[in-house]
Amino acid sequence: MFRIGQGFDVHQLVEGRPLIMGGVTIPYELGLLGHSDADVLLHTVSDACLGAIGEGDIGKHFPDTDPDFKDADSAKLMQHVWQLVKEKGYELVNADCTIIAQKPKMAPYIPAIRERIAELLESEVENINVKATTTEKLGFTGRGEGIAAQVVVLLKKSA
Ligand SMILES: Nc1ccn([C@@H]2O[C@H](COP(=O)(O)O)[C@@H](O)[C@H]2O)c(=O)n1
Ligand SMILES: C[C@@]1(CO)OP(=O)(O)OP(=O)(O)OC[C@H]1O
C-alpha cells in the first residue's frame, strides 16, 4: 500500500541567524528566522511525511509556543517524525524537494543536503531529489525576504 504526502513552508530571512537547509549550514549573510533553527527544508519534509501518514503537521507535534522547541535542531524533529512513519509500518519510496530562493545559490550544497535527508529518512540518496529555483526576482522570495520549500514524499508499507 502506498501513501503520498506534500509539504510547504516559508521562513523569513534576517540578519544574525544561520542559514540551515536540509541539515546543512550554508554560508550567507542572512539566515532563517523561527522558533526552532528554522530549517525550512526539513520542516517541509517533516510535514510531507506527516501528511502521508495522516498525522497533521509539525506545529501539532512541536508547538512553537513550547520552550522545549526553542532553537530546536530540526533534524531531531525530523527523526521523531520518521519514527512515527516507521511505527505505522512505512518506508520511503522517494522524496522530491524544491527550495524556492532567489539567493544564495543552492547548487553547490545540494549533494550534501541529499545525503543528509537520505540519512534521516533511512533511504538511499538516489531516492531523494533536491531542486532549487528562483522566482525571477518576483514576490517575497524574489525580493530575498524569505525562502520557501515544497516537498512530495511517497511511502510504501514495509515488507
Ligand atoms: N537559489 C537557487 C536558485 C536556483 N538555483 C539553480 O539555478 C537554476 C536556474 O534557476 P531559475 O530560477 O533561474 O530557473 C536552477 O535550476 C537551479 O539549478 C540554485 O542553485 N539556487
Ligand atoms: C518547528 C516549530 C517548533 O519549534 O517552530 P518554527 O521554527 O517557528 O517553524 P514553523 O515551520 O513556523 O512551525 C513549526 C513549529 O512548531
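Biologist: How far does a backbone N or O atom of A107 lie from an oxygen atom of ligand 1?

Modeller: The model is predicted. The pair joins an oxygen atom of ligand 1 to a backbone N or O atom of A107. A polar contact needs N or O atoms within 3.5 Å. For A107 the distance is 2.9 Å.

Biologist: What share of ligand 1 does the protein bury?

Modeller: The reference is the ligand by itself, and ligand 1 taken alone exposes 460 Å². Of that area, the protein buries 64%.

Biologist: Which residue has a backbone N or O atom 2.8 Å from a nitrogen atom of ligand 1, besides A101?

Modeller: A polar backbone atom of A101 is 2.8 Å from a nitrogen atom of ligand 1. A distance of 2.8 Å to a nitrogen atom of ligand 1 is also found for a backbone N or O atom of M106.

Biologist: How many residues of the shell around ligand 1 are nonpolar?

Modeller: The shell consists of A101, P104, K105, M106, A107, A132, T133, T134 and E136. Two of the shell residues are polar and two are charged. The nonpolar residues number five.

Biologist: Which residue offers a side-chain N or O atom 3.0 Å from an oxygen atom of ligand 2?

Modeller: The surroundings of ligand 2 include D9, H11, H43, D64 and F69. D64 and F69 each bring a backbone atom to 3.4 Å from an oxygen atom of ligand 2. The side-chain atom at 3.0 Å belongs to D9.

Biologist: How much of the area that ligand 2 exposes when taken alone does the protein bury?

Modeller: Taken alone, ligand 2 exposes 370 Å². The part of this buried by the protein is 86%.

Biologist: What is the volume of the largest pocket?

Modeller: Its lining has 13 residues, with S36, H43, I58, F62 and D64 nearest the centre. Two or more lining residues come from each of β1 (2-14), α1 (40-52) and α2 (58-61). By class, the lining has five nonpolar, five polar and three charged residues. The volume of the largest pocket is about 220 Å³.

Biologist: Which strands stand at the edges of the open sheet?

Modeller: The sheet has five strands in the order β4-β1-β7-β5-β6, with mixed pairing. An edge strand has a single partner, so one side of it is left without a neighbour in the sheet. The strands in that position are β4 (31-32) and β6 (128-133).

Biologist: Which residue of β4 is the bridge partner of V14?

Modeller: β1 and β4 pair in the antiparallel sense over two bridges. In β4, the partner of V14 is G31.

Note on methods: Residues numbered from 1 in each chain as written. Chains lettered and ligands numbered in written order. Predicted model: local features only at pLDDT ≥ 70, side-chain atom pairs only at ≥ 80, totals over all residues. Heavy atoms only, no water. Near = heavy atom within 4 Å. Polar contact = N/O pair within 3.5 Å; in protein donor to acceptor, adjacent residues only side chain to side chain. Areas by Shrake-Rupley, 256 points an atom, 1.4 Å probe, with all protein chains shown as cover. Nonpolar A, V, L, I, M, F, W, Y, C, P; charged D, E, K, R; others polar. 1 Å grid on protein atoms, 1.4 Å probe; cavity = no way out; pocket = protein on both sides within 12 Å on 5 of 7 lines; lining within 4 Å. Points joined across faces, edges and corners; volume = space filled by probe spheres on them. Helix = DSSP H or I, 4+ residues; strand = E, 2+ residues; numbered from the N terminus. Pairing = 2+ DSSP bridges.
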